[in-house]
Amino acid sequence: MNTSNQRPHLSPEILEPLQHLGAYFLELPTDMPVVVALSGGVDSSVVGAVARRVLGPARVTAVFFDMPIMVEDDRLFAEQIAEVAKLDLEIITFDPLIIDAVRYNRTDRCYQCKNALFSILQENYAGAFICDGTNIDDDPQRRPGMKALTELGIHSPLRDCNISKEQVRLIARGLGLPNADRESSACLATQYPADTELAL
């Protein structure tokens, strides 16, 4: 990864994980498109921004799912990130409440929701390298949706490159991303008791 034009803005502690992540994308086949599930959070934003920087605009697409269970600011941040990082942004409107496990807030809600979302990406972007923003600090025990990603063969570049949340924030600041210090936001379903119908 060529970082010669970035060095004035990036410290050595940022350059190492940044170069690792950039090299990760450069190892992909040159004709393979990359699709990043952009949530509006800092993790997927860094994945999308770095992929765009090393692969160029033609190969990278960011996809945001506009859903009633998401925090309102998520779409705003996704749009800001796409503008700052010069990412091609696709917005897909989806209502996960059509899934019973989500609608009634079952224990497997997150798994079923992730499975549905990333299955849509696989259908819409067949043959693409589809990835998310899971980092090495994310605990599968606390994020049951990660099981769906594994089953579907979705890639997690930050996790594959052993990049931590702290490093993600450092990279985001170095790249000038507006959500570098944004706290993680959970979907609105987490505010409801288990086995309760969601009224969203």
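1. In this predicted model, the lining of the second largest pocket divides by class into five nonpolar, no polar and three charged residues. The residues concerned are Ala-49, Arg-52, Arg-53, Val-84, Ala-85, Lys-86, Leu-175 and Leu-177, and the space they line amounts to about 160 Å³. Helices H2 and H3 each contribute at least two residues to this lining, with H2 giving the most, three residues.

2. The largest pocket has a volume of about 1300 Å³, and of the 43 residues that line it, those closest to its centre are Ser-39, Lys-114, Arg-143, Ser-185 and Ala-186. Two or more lining residues come from each of H2, E2, helix H5 (109–124), helix H6 (145–152) and helix H8 (165–174), and the largest share, six residues, belongs to H5. Sorted by class, this lining holds 18 nonpolar, ten polar and 15 charged residues.

3. Helix H5, which supplies that largest share, should span 22 Å at 1.5 Å a residue for its 16 residues, and the distance of 23 Å between its end C-alpha atoms agrees with this. Its buried residues are Arg-109, Tyr-111, Cys-113, Ala-116, Leu-117, Phe-118, Ile-120 and Leu-121. These buried residues pack against strand E1 (34–37), E2, E3, helix H4 (100–103), strand E4 (129–131) and H6.

4. Helix H3 (residues 72–85) has 14 residues and reaches 21 Å from its first C-alpha to its last, which is close to the 20 Å expected at 1.5 Å a residue. Within H3, the buried residues are Asp-74, Phe-77, Ala-78, Ile-81, Ala-82 and Ala-85. Viewed down the axis of H3, these buried residues fall within an arc of 140 degrees, so they line one face of the helix. An α-helix has 3.6 residues a turn, so residues three or four places apart point the same way. The face of H3 turned away from the buried side carries the exposed residues Glu-72 and Glu-83.

5. As to the surroundings of H3, what covers its buried residues includes helix H2 (42–55), strand E2 (60–66) and strand E3 (88–93). Directly after H3 comes Lys-86, whose phi is positive, near 60 degrees, and Lys-86 is also one of the residues lining the second largest pocket, as is Ala-85, which is buried in H3.

6. Val-50 lies in helix H2, and, with a relative accessibility of 0%, Val-50 counts as buried. Leaving aside neighbours within four places in sequence, Val-50 is in contact with Leu-18, Leu-21, Gly-22, Phe-25 and Leu-175; of these partners, Leu-175 also appears in the lining of the second largest pocket. Val-50 and Ala-172 are separated by 122 residues in sequence, while their C-alpha atoms are 9.7 Å apart in space.

7. Ser-164 offers a case outside the helices, for this residue lies in the loop between helix H7 (157–160) and H8. With a relative accessible area of 15%, Ser-164 falls under the 20% limit and is therefore buried. When residues up to four places away in sequence are not counted, Ser-164 touches Asn-135, Ile-136 and Asp-137.

Conventions
Residues are numbered from 1 along each chain as its sequence is written. This is a predicted model: local features need pLDDT of at least 70, side-chain atom pairs count only at pLDDT 80 or more; totals for chains, interfaces and linings use all residues. Side-chain values use heavy atoms; hydrogens and water are left out. Helices (H or I, at least four residues) and strands (E, at least two) are DSSP runs, numbered from the N terminus. The expected span of a helix is 1.5 Å times one less than its number of residues. Buried means under 20% relative accessible area, exposed over 50%, partly exposed in between (1.4 Å probe, protein chains only). The arc is that of the directions from the helix axis to the C-beta atoms. Contact means heavy atoms within 4.5 Å. On a 1 Å grid over the protein atoms alone, a cavity is a set of points where a 1.4 Å probe fits but cannot get out, and a pocket is an open set with protein on both sides within 12 Å along at least five of seven lines; lining residues have an atom within 4 Å of a point. Grid points are joined across faces, edges and corners, and a volume is the space filled by probe spheres set on the points. Ala, Val, Leu, Ile, Met, Phe, Trp, Tyr, Cys and Pro count as nonpolar, Asp, Glu, Lys and Arg as charged, and the others, Gly among them, as polar.
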